[in-house]
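Here's a quick tour of some local geometry, covering rings, helix packing and a few backbone oddities. Have the viewer open and follow along.

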Amino acid sequence: MDVPLAAEECEAITRAFSGLGGLGVDEEALVSALGKWRHQPEKRAQLRKSFAGFFTADGGFERFEDDYIHYLKIEFARFKNIMVLWAMHPWERDARWANDVLHKAHPFDIIVEIACTRSSEELLGARIAYHALFHRSLEEDVAYHVRENFSNLLVGLVSAYRYEGDSINEEMAKSEAKTLGTAIKSAGVRNLVENGEVIRILTTRSKPHLRVTFKYYREMYGKSIEEDLGDELCLQETVQCLDSPPKYFSKVMDETLKDGADKNTKDALTRVIVSRADVDMEEIKAAYHEQYGAQLEDVIAMKTLGNYRDALLSLVGQ
Amino acid sequence: MSTLSIPVSVPSPYDDSEQLRKAFEGWGTNEGLIIAILAHRSAAQRRQIRDAYAQAYGEDILKALEKELTRHFEKAVLLWMLDPPERDAVLANEALKKWSSGNRALIEISVTRTSDEMFAVRRAYHARFKRSLEEDVAVHTSGDFRKLLVPLVSSYRYEGLEVNASLAKSEAKMLHEKINDKDYGNEEIIRILTTRSKAQLLATFNDYNNEFGHPINKDLKADPKDDFLFALRSIIRCIICPEKYFEKVIRLAINKMGTDEYALTRVITTRAEVNMKQIKEIYYKRNSVPLERAIKKDTTGDYEDFLLALIGEDA
């Protein structure tokens with residue numbers, strides 16, 4: 001629904017992003033603008049285009065000037081990054097997160113998340129942005145920086161351009177469920193992440209096909225493939241992300257909102273909410289409620305503070 | 001550069017369609033007319049003809065061509081009529097259906113197209129075959145070939161000219177080390193060849209040559225019958241100089257006992273509008289015989305006429 005911004009909301013946004021700083025920004029108005037612009041990525045695109053001095057058009061998307069980001073982060077310190085991430089083009093966001101992970105040795109689950117929960121075109125977009133921002137390809141950096149045994153899996157995941165149609169070959173899905181089952185039973189789970197067939201199936205098949213495959217797996221083996229992947233976190237996360245992003249993200253939300261979560265885990269709160277607000281926030285809230293018996297908004301309201309909290313809640317929606 | 005010769009004033013797509021329709025009508029087919037039109041239209045113009053024909057006669061012109069033409073001529077014209085990304089998708093799919101480890105059509109397509117062109121191919125593959133290119137490559141190949149080809153068709157290489165000199169040096173060293181150990185399917189070799197930008201790889205190969213005194217391909221000839229080594233060498237040659245690579249494919253296709261029409265058709269239809277001119281120049285230098293003459297000697301009939309038209313002979 002296209003609710004027009006009130007005058008003070010418009011002004012707040014213009015001031016906030018004009019780089020004029022120090023003139024004071026109406027944070028409440030900013031937060032309510034966030035809420036009004038939910039599910040309207042074209043409004044944010046317009047914002048980027050209207051601040052041509054701070055965003056450059058670069059191969060199909062408007063990217064942040066580096067100094068501008070730096071400045072805005074300071075300006076919006078109380079928002080802990082949300083404003084910057086919110087205004088950013090999704091492709092640039094994903095490319096920056098991926099690059100951060102690869103160069104600062106954060107846990108690689110973010111790479112799996114990006115590769116598996118974005119659509120084929122969104123993932124391509126992230127790769128386009130990665131070229132523009134970092135002058136290398138995403139896959140070359142993943143291949144070079146990830147030296148663990150799940151390197152090939154990750155390279156395959158970020159390079160995929162999965163078919164997105166519904167046509168599924170049921171026989172193939174059944175047979176691949178069996179292939180996965182056999183691989184899991186025979187190999188030690190530790191070696192599974194290097195198994196050629198496992199990698200092939202998980203990194204090349206379409207998502208609809210995989211969901212049917214996982215369904216057959218459960219029928220054949222009595223347990224979900226997730227459970228059977230037990231300790232192999234990378235594979236388990238891959239399967240979760242491919243099978244049901246809302247379920248996966250609700251788990252991430254649970255982790256991030258626990259007491260004693262470390263910084264990386266806490267960062268997930270901003271990341272997930274900003275990246276999913278326009279995509280499947282409703283489904284995530286529903287999954288969270290089903291899994292944990294609480295309303296996501298309530299838990300966020302309890303665990304966070306100030307403008308940051310208000311911005312989050314605005315994006316999560318009531 | 002293209003070798004197509006397109007008339008200064010081109011008839012409207014409807015007029016062309018009408019002429020082509022006449023060429024199909026009645027007994028027999030007027031192949032000469034088909035060549036006179038289709039071999040002298042650009043990709044954009046051919047697309048317009050395809051649309052106009054469908055509108056005017058309610059049928060895809062490709063179906064009509066399939067009915068009327070035969071054998072190598074038919075195959076060449078059908079490939080020629082497709083949009084380049086769809087053509088590449090069809091060629092890739094064919095290569096997979098009759099996959100053999102000596103087949104390098106996939107390598108050729110993946111490495112000589114630009115990153116964006118390659119994505120257009122992948123998109124066309126989705127549309128036409130309802131599966132992704134990489135999933136089909138993975139299913140039809142195995143072992144080291146799969147490890148090499150899936151990343152190869154999935155790559156989206158950075159296309160800038162920046163080169164990291166010290167990286168080129170260290171990766172040249174790494175390549176040399178693995179090649180020396182005869183560990184050709186090694187992950188480092190595959191990583192470097194399938195993910196680095198072309199500019200970076202050129203620097204790496206140059207470094208290899210400077211450091212070890214000879215080109216990297218020389219060290220990949222240990223076993224002339226080894227198809228995997230052949231694949232690696234093909235990747236490298238496509239990166240270093242695609243035109244030289246294509247010349248060699250044509251030369252071998254022609255010199256072979258009987259001719260390898262599949263390869264000849266593939267190269268000529270895919271390169272006629274791209275860099276056929278340079279390929280012809282290299283062919284002449286290497287063989288002392290113009291490509292036209294070699295094709296005349298080695299092919300016949302409408303197929304021959306069509307190929308000659310595409311490479312600009314009757315200009």
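Contact, as used here, means heavy atoms within 4.5 Å. Helices are DSSP runs (H or I, at least four residues), as are strands (E, at least two), and both are numbered from the N terminus.

## Ground rules

This is a predicted model, so local features need pLDDT of at least 70 and side-chain atom pairs count only at pLDDT 80 or more, while totals for chains, interfaces and linings use all residues. Residues are numbered from 1 along each chain as its sequence is written, chains are lettered from A and ligands numbered from 1 in the order in which they are written, and side-chain values use heavy atoms, with hydrogens and water left out.

## Two helix pairs

Let's start in chain B. Helix α6 (residues 84-97) of chain B and helix α8 (residues 115-129) of chain B have axes that come within 8 Å and cross at roughly 70°. Axes here are lines fitted to C-alpha atoms, for helices over the stretch in contact, and the angles run from 0 to 180 degrees between N-to-C directions. That makes α6(B) and α8(B) roughly perpendicular to each other (65 to 115 degrees; under 35 counts as roughly parallel, over 145 as roughly antiparallel and the rest as oblique). Their crossing is right-handed, meaning that the near helix is turned clockwise from the far one by less than a right angle; anticlockwise would be left-handed. On the α6(B) side, the residues involved are Pro85(B), Glu86(B), Asp88(B), Ala89(B), Val90(B), Asn93(B) and Leu96(B), and they meet Ala120(B), Val121(B), Ala124(B), Tyr125(B), Arg128(B) and Phe129(B) in α8(B).

Now over to chain A. Helix α6 (residues 90-103) of chain A packs with helix α9 (residues 138-145) of chain A at an angle of about 20°, the axes being 10 Å apart. So α6(A) and α9(A) come out roughly parallel to each other, and α6(A) passes α9(A) in a left-handed crossing. From α6(A), the contact uses Ala98(A), Asn99(A), Leu102(A) and His103(A); from α9(A), it uses Leu138(A), Asp141(A), Val142(A) and His145(A).

## Rings

How many aromatic pairs turn up in a search of the whole structure? There are 18 over all chains. The rings of Phe, Tyr and Trp (its six-membered ring) pair if their centres lie within 6.5 Å; planes under 30 degrees apart count as stacked, over 60 as edge-to-face and the rest as tilted. One of the pairs is Tyr130(A) with Phe134(A), tilted, at 4.8 Å centre to centre and 55° between the planes. Both residues lie in helix α8 (residues 120-134) of chain A, four residues apart, or about one turn of the helix. Tyr130(A) counts as buried because its relative accessibility is 0%, and Phe134(A), at 18%, also counts as buried (buried is under 20% relative accessible area, exposed over 50%, partly exposed in between, with a 1.4 Å probe and protein chains only).

Tyr217(A) and Tyr221(A) have ring centres 4.6 Å apart and planes at 40°, so this pair is tilted. They sit four residues apart in helix α14 (residues 207-221) of chain A, which means about one helical turn between them. Tyr217(A) is buried at 0%, whereas Tyr221(A) is partly exposed at 25%. Elsewhere, ring pairs join Tyr161(A), Phe119(B) and Tyr156(B) in a cluster.

## Charges over rings

A charge sits over a ring if NZ of Lys or CZ of Arg is within 6 Å of the ring centre and within 35 degrees of the ring normal. Lys98(B) has its charged end over the ring of Tyr262(B), 4.8 Å from the centre. Arg196(B) lies over the face of Tyr144(A), 5.0 Å from the ring centre.

## Backbone oddities and two buried residues

Most residues other than glycine have a negative phi. Arg71(B) is not a glycine, yet its phi is positive, about 50°. Arg71(B) belongs to helix α5 (residues 71-81) of chain B and is exposed at 63% relative accessibility. Ser288(B) also has a positive phi, near 60°; it is in the loop between α17 (276-287) and α18 (291-298) of chain B, and is exposed at 56%.

Thr270(B), in helix α16 (residues 261-271) of chain B, is buried at 5%. Its C-alpha is 8.1 Å from that of Asp88(B), although the two are 182 residues apart in sequence. Beyond neighbours within four places in sequence, Thr270(B) contacts Arg87(B), Asp88(B), Leu91(B) and Arg113(B). Lys178(B), in helix α11 (residues 165-180) of chain B, is buried at 16%. Not counting residues up to four places away in sequence, Lys178(B) touches Asp183(B), Asn186(B), Glu188(B) and Ile189(B).
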